Amino acid sequence: MNNENTDYMEDKYVIKDGKKLRCGYTTGSCTAASALAALLLLEEGKKTSYQEVITPNDKKLKLPVYSLGLLPDGGAYASVIKDAGDDPDITDGMEVGVRLRKRNDSEVVITGGEGIGIIRRPGLFGEVGDFAINPAPRKMIEDNIKRHTQNGYDVEIYAPKGEEISLKTYNRNMGIEGGISILGTTGIVEPMSEAALVKTIFMEIDAERLKSDTLLLFPGNYGKDIAESLNLPMEGVKMSNFIGEAVSYAVSVGFKKIILVGHIGKFAKVSLGAFQTHNRTCDLRMEAFVYYLALRGAPVELMKRVNDCLTAEEGVKIVMEEGWSVIFEDMRQGITDRMEKYVKDDSVEFKVHFYSMEKGLLKCYIS
């Protein structure tokens, strides 16, 4: 049913780093469109190839209907293929649908079926045992149905490959098992949205807070591997480049000890007070090396050699070969000092671990 023109979101773009990127739509929008397409088939006998829905912020979306038909029990089904636009979303291209069955009242009751995750840890957006369907998509489905009918419906959301795809998401870390989450506060996916990523980090931090008042944070997967080899007794949260926001939020929800594990190149920036470490935002790696060497009175020629390095790994090698590895302890203290000033709470304990991959050795620890 999707053989018509598929440029249905051609006018929705954002500019990121000078590039024009196409927006997509959330799993919440997919389910709302599916529910409405199934409803119109049941109540009006209307078969549609595209279904228009209203998003939570009153924008109109027109989504292509992938499948549509009647169920043997008198209900109807419809599905949409998730389109994340130019966002690197793991759910892009997956089928998300709804089975709709009429009720004897005016209520809209939303549940999950195959491929929809179940909340197994308290403190998320629902109770333990509930399907992982966020409040905004629930309301979007209900509002779109009620714009067209006063009848009540049971809405069963399904995703045929949801369980398989969920293994590649953050769900398990957040206490959601068995499938994907139905997400989306605006209904629209903004490519490479920093706000969406930060929100996910905050959700993971919330989940960790339920287990402990000590939090492990690492920028990426290598940091997690190092943390595991250090036998740190917690699962931890990947904070990407949003170090300042992650730490600030962690303190705001009550963590008393924060353990940071990351590569020297990224943490060198933090040691100078850079709390957003993406290389397009700041690149202070060699400046940090030179700063701490200067504080120790290192020879100018050594500082010049380090300053000319293209990578942190090169800098680490020179510093260690020349016998100035003490600066890594200074960097560690610099991070702690700046973190305490940043969060304005000296009761929080910070512990920092660096690692280097010099010579390809992942476990070549600096500290």
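**Strands, sheets and a helix pair**

Let's start with a strand pairing: β14 and strand β16, residues 257-263, run parallel and share 4 bridges. One of the paired positions is L216, whose bridge partner in β16 is I259. Keep in mind that this is a predicted model.

Stay on β14. Strand β14 covers residues 214-218. It also pairs with strand β15, residues 237-238. That pairing is parallel too, with 2 bridges. There, F218 has K238 of β15 as its bridge partner.

How many residues of β14 are buried? The count is 5 of 5, so the strand is mostly covered. Now split it by face. In a regular strand, side chains alternate between the two faces of the sheet. On one side of β14 we have T214, L216 and F218. On the other we have L215 and L217. All of these are buried, and both faces are covered.

Next, the open sheet. This one has 5 strands, in the order β6-β7-β8-β11-β9. The pairing is mixed. Which strands sit at the edges? They are β6, residues 67-70, and β9, residues 108-112. Each of those two pairs on one side only. From one strand to the next, the twist averages 15 degrees.

Inside that sheet, look at β8 and β11. Strand β8 is residues 95-102, and strand β11 is residues 153-158. They run antiparallel and are joined by 6 bridges. As an example, L100 has V155 in β11 as its bridge partner.

Two helices pack on this sheet. Take α1: the strands touched by α1 are β6, β7, β8 and β11. The direction of α1 makes about 40 degrees with that of β8. Then helix α2, residues 135-146, which touches β8, β9 and β11. Here the angle is taken against β9, and comes to about 140 degrees.

Following α1 along the chain, we come to a loop and then β4. S49 sits in that loop, between α1 (27-44) and β4. Is S49 buried or exposed? Its relative accessible area is 19%, and the cut-off for buried is under 20%, so S49 counts as buried.

Q51 is inside strand β4, residues 50-54. Its relative accessibility is 5%, so Q51 counts as buried as well. What does Q51 touch, beyond neighbours within four places in sequence? The contacts are A33, L36, A37, L40, L61, K62, L63 and V65. Of these, A33, L36, A37 and L40 have numbers that fall in the α1 range, 27-44.

Last stop, a helix pair. Two packed helices are described by the angle between their axes and the distance between the axes. Helix α7 is residues 243-252, and helix α12 is residues 326-343. Their axes come within 10 Å and cross at roughly 60 degrees. The two helices are therefore oblique to each other. The crossing is right-handed.

Who meets whom? From α7 we have I243, G244, E245, V247, S248 and V251. From α12 we have M339, Y342 and V343. By type, the residues in this contact divide into 6 nonpolar, 2 polar and 1 charged.

One distance to finish. V251, from that helix contact, lies 202 residues from S49 in sequence. In space, the two are 49 Å apart, C-alpha to C-alpha.

Conventions:
Residues numbered from 1 in each chain as written. Predicted model: local features only at pLDDT ≥ 70, side-chain atom pairs only at ≥ 80, totals over all residues. Heavy atoms only, no water. Buried < 20%, exposed > 50% of the residue type's maximum accessible area, 1.4 Å probe, protein only. Contact = heavy atoms within 4.5 Å. Axes fitted to C-alpha atoms, helices over the stretch in contact; angles between N-to-C directions. Parallel < 35°, antiparallel > 145°, perpendicular 65-115°, else oblique. Left-handed = near helix turned anticlockwise from the far one by under 90°. Nonpolar A, V, L, I, M, F, W, Y, C, P; charged D, E, K, R; others polar. Pairing = 2+ DSSP bridges.
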